[in-house]
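Visitor: I am new to this structure and would like a close look at a single part of it. Please take me slowly through the charged side chains that meet one another, and through the strands that carry them.

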Amino acid sequence: MKKLILIMALMMTGFYVYPQSSQTTAQWRVRLRGVAVIPQESASIGVIGGDAKISNSFIPEMDFTYFFNKHFAAELILGTTRHKVSTVNSDLTAIGGSSAANVDLGKVWLLPPTLTFQYHYPVGKFNPYLGAGINYTIFYSADEGPVVKGIAYKNKFAFAAQAGFDFDISKSLFINVDLKKIFLSTTATVDASNLTPAGSPQLEPVLKNIVADVKIRPWLLGVGIGCKF
């Protein structure tokens, strides 16, 4: 979190010290989007094996874009999303369960502020752009679900790629279509010690710390409206 705050502070400093060149575009743009969050998940899960399943989500998202000149800009994207999480085809025979079962791991909230640097190529009312930058995802309010005792996720940095366009509908208003890919991975630690089979106390330490390396890698497809000023 400290690293993210430092990066944002440096970025905001850059907004005011970067030499301004002549431009025909408003310096600031604000957008409000509806965004479909579609994880492309996979996982390596210790002890019980299997894969991960993470639900899709639809959220509101706000972003703030600052133009250094008519072609180069930086965008800060803010939003939060909630997902259902489960394992798929886990082998639970070691703890007295089915050989192929799905485990409900509850729900978790993600706060993924993302900072991208963009190249714009405006043509009349049409302004396409490409962007790339960094994401820092904070996992919070994790609910472990009805099966295991607890679950924790590690906050992580990730690379972000972006493409989209603005289309002017007036001097100050425009519509926006935006596609982002976040190359996010995390480590989840599951406490399933409550599932220790009777007569097998040696398994309790193993089940208390089941580690899963999870690739989330979501696509974010957004459509919205923006304002220039």
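Guide: What follows starts with the whole protein and then turns to the salt bridges and their strands.

This is a predicted model, in which local features need pLDDT of at least 70 and side-chain atom pairs count only at pLDDT 80 or more, while totals for chains, interfaces and linings use all residues. Residues are numbered from 1 along each chain as its sequence is written, and side-chain values use heavy atoms, with hydrogens and water left out.

The protein has 2 helices and 15 strands, these being DSSP runs numbered from the N terminus, with H or I over at least four residues for a helix and E over at least two for a strand. Of its 229 residues, 41% count as buried, a word that here means under 20% relative accessible area, as against over 50% for exposed and partly exposed in between, with a 1.4 Å probe and protein chains only. Among contacts with a separation of 6 or more, 70% come from residues 24 or more positions apart, a contact being heavy atoms within 4.5 Å.

The structure holds 12 salt bridges, each defined as a side-chain nitrogen of Lys or Arg within 4 Å of a carboxyl oxygen of Asp or Glu. One of them brings together the side chains of D166 and R31, at 2.8 Å from N to O. Because D166 belongs to strand β11 and R31 to strand β1 (residues 28–38), this pair ties together parts that are 135 residues apart in sequence. Both D166 and R31 are buried.

A second salt bridge, between E61 and R33, has its closest N and O atoms 2.6 Å apart. Here E61 lies in strand β4 (residues 57–67) and R33 in strand β1, so the pair ties together parts that are 28 residues apart in sequence. E61 is buried, with a relative accessible area of 3%, and R33 is buried as well, at 2%.

E61 also forms a salt bridge with K180, where the closest N and O atoms are 3.6 Å apart. This pair links distant parts of the chain, since E61 is in strand β4 and K180 is in strand β12, 119 residues apart. K180 is buried too, with a relative accessible area of 3%. Through shared partners, salt bridges join R29, R31, R33, E61, D63, E75, D166, D178 and K180 into one network.

Two of the strands named so far, β11 (residues 156–168) and β12 (residues 173–182), pair in the antiparallel sense over 9 bridges; two strands count as paired if DSSP finds at least two bridges between them. A hairpin of 4 residues joins β11 to β12, and A161 stands opposite K181 in β12. Strand β12 is also joined by 9 bridges to strand β15 (residues 219–228), and these two run antiparallel. In that pairing, I175 stands opposite I225 in β15. As a general point, the side chains of a regular strand alternate between the two faces of the sheet.

To gather the picture, D166 of β11 reaches R31 of β1, while E61 of β4 forms salt bridges with R33 and with K180, and these residues belong to one network.
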